[in-house]
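This report goes through a single protein model, from its buried core to its salt bridges. The sequence and structure come first.

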Amino acid sequence: MLHFSVVRLVALSLSSQIVKEGTPTIAIMDPFYMRESIICNAGDRAIATQQVEDFMLANIKKDAILIPYFPEDKFCTLIVVHPQHSHAVYLDSGRDHKKDYTHIRALLNDALTGFANKAGPLKVERKSRGGLVLTHTTNFPCLRQSMQDNGMDAWYAILQMQEYIKYADDMLLPENLRNRFANMADAPAREIRKNWGRIQQFICTIIMQDVNSRSGEFFYGYGLPPNDEIELRLEMSRDERPFNSLEGCRPFPLGMPTTYVVYKGRVPGVYDDWEDCRRQVHRFSGNSYKGYPTRVEAEGRYARYLAGEMRDMRRNRMKTMAFVMMVIVTMLVIFYVIVV
């Protein structure tokens, strides 16, 4: 089982490879928010939705967008989204564990609606309840884990990303994708397992060349920031990535925040001063806050968070009203039966 941060590092490296090689048909998104443990929260889901929408717009000419997604910490599914055709394929290699894709499906549908509003009409559009929706194929016949490999979801997700890059032009259509994985499935299990050694070498190469090396793409930089700056970066960005450079700094950190959003605290809101933010969350049980490099971004994130909270409140209110109405109708029926 690979840690989420390893899969993320590989995805970032492969994404960089796509850019350098000029692969015209696919793009791989940074999966930082693509975890059920994050998007189950309405506010965080709104932020993640915006990330997906922005990535679609930035790659508007790409046919397929690859998104590694963790429905649970130990399971990983590669989602292939075709925005222009309103289609999402879930490459789940797991054999015997059913995943719940409720939140990620809603997130991708909302992102598609936002994408279409800005990018214009899609080649294929499907609508439901006033918004655009994807066709989510969650039972796609992709390469499956053997009994010996069961539990290696992340390894298979990385292998599938590599296959997509290698055969990019031939894997745009679901039928071609199905045929490719069918051919791989016909290979002996020992041949498939040879890939794990190559993936291990690939991960080690990324860490040595891109994380530890001063010239690496994910190296922090030449200047070593003071410890309090590192701690503030990690605290405000909720950075859980375990990779360290030779100097002890984590790679690809966010810029120093200048504006802070208190999502859950004594007085939620946007704050320009760290001390003001700290007073709202210090010793507040269940606090949630984050720093952003600009006030515009902070206000935008907070607005999307509030919108997500309002949607959840409306849904809960409607559910409560429906339940109350059902109880009232049931009582009236019982009363009628007793009286009559």
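The text below covers the nonpolar cores, two helices, the salt bridges and the annotated regions.

The model is predicted: local features need pLDDT of at least 70, side-chain atom pairs count only at pLDDT 80 or more, and totals for chains, interfaces and linings use all residues. Residues are numbered from 1 along each chain as its sequence is written, and side-chain values use heavy atoms, with hydrogens and water left out.

## Cores and helices

Helices (H or I, at least four residues) and strands (E, at least two) are DSSP runs, numbered from the N terminus. Buried stands for under 20% relative accessible area, exposed for over 50%, and partly exposed for values in between (1.4 Å probe, protein chains only). A nonpolar core is a set of buried Ala, Val, Leu, Ile, Met, Phe, Trp, Tyr and Cys residues joined through side-chain atoms within 4.5 Å.

The largest nonpolar core has 37 residues, and L2, I26, I28, L66, L91 and M161 touch the most other members. At least two residues of this core come from each of α1 (4-21), β1 (26-28), β2 (64-72), β3 (75-82), β4 (87-91), α5 (153-166) and α7 (189-212). The biggest contribution to this core, nine residues, is that of α5. Another core, of 36 residues, lies apart from it and includes A27, Y33, I38 and V81.

Helix α5 is largely enclosed by the rest of the structure, because 12 of its 14 residues are buried. Among the buried residues of α5 are W155, I158, L159, M161 and I165, and also the charged positions D153 and E163. From first to last C-alpha, α5 reaches 20 Å, close to the 20 Å expected at 1.5 Å a residue; the expected span of a helix is 1.5 Å times one less than its number of residues.

Helix α1 is mostly covered too, with 14 of its 18 residues buried. The C-alpha span of α1 is 26 Å, close to the 26 Å expected. After α1 comes G22, whose phi is positive, near 70°.

## Salt bridges

A salt bridge is a side-chain nitrogen of Lys or Arg within 4 Å of a carboxyl oxygen of Asp or Glu. The structure holds 11 salt bridges, and the table gives three of them.

| Acid | Base | Closest N to O distance |
|---|---|---|
| D30 | R8 | 2.5 Å |
| D272 | R295 | 2.7 Å |
| D312 | R315 | 3.0 Å |

What does the bridge between D30 and R8 tie together? D30 lies in the loop between β1 and α2 (36-39) and R8 in helix α1, so the pair joins parts that are 22 residues apart in sequence. D30 is partly exposed, with a relative accessible area of 21%, whereas R8 counts as buried at 7%.

The bridge of D272 and R295 links distant parts of the chain, with D272 in the loop between β9 (269-271) and α9 (274-281), R295 in helix α10, and these positions 23 residues apart. R295 counts as partly exposed at 33% relative accessibility.

D312 and R315 both lie in helix α10, three residues apart, about one turn of the helix. An α-helix has 3.6 residues a turn, so residues three or four places apart point the same way. Both partners count as partly exposed, D312 at 22% relative accessibility and R315 at 41%. A network of salt bridges links R45, D312 and R315.

## Annotated regions

UniProt positions are given in the numbering used here, feature names are shortened, and annotations may be inferred rather than shown by experiment. An unreviewed UniProt entry places the feature "domain: Ribonuclease H1 N-terminal" at residues 260-299. The end C-alpha atoms of residues 260-299 lie 9 Å apart, and the span is 32% helix and 32% strand.

R283 is placed in the loop between α9 and β10 (288-292) and counts as exposed at 76% relative accessibility. The C-alpha atoms of R283 and G265 are separated by 9.3 Å, with the two residues 18 apart along the chain.

The UniProt annotation "transmembrane region" (unreviewed entry) covers residues 320-339. This span is 100% helix and 0% strand, with its end C-alpha atoms 28 Å apart. I328 lies in helix α10 (residues 295-339) and is partly exposed, with a relative accessible area of 40%.
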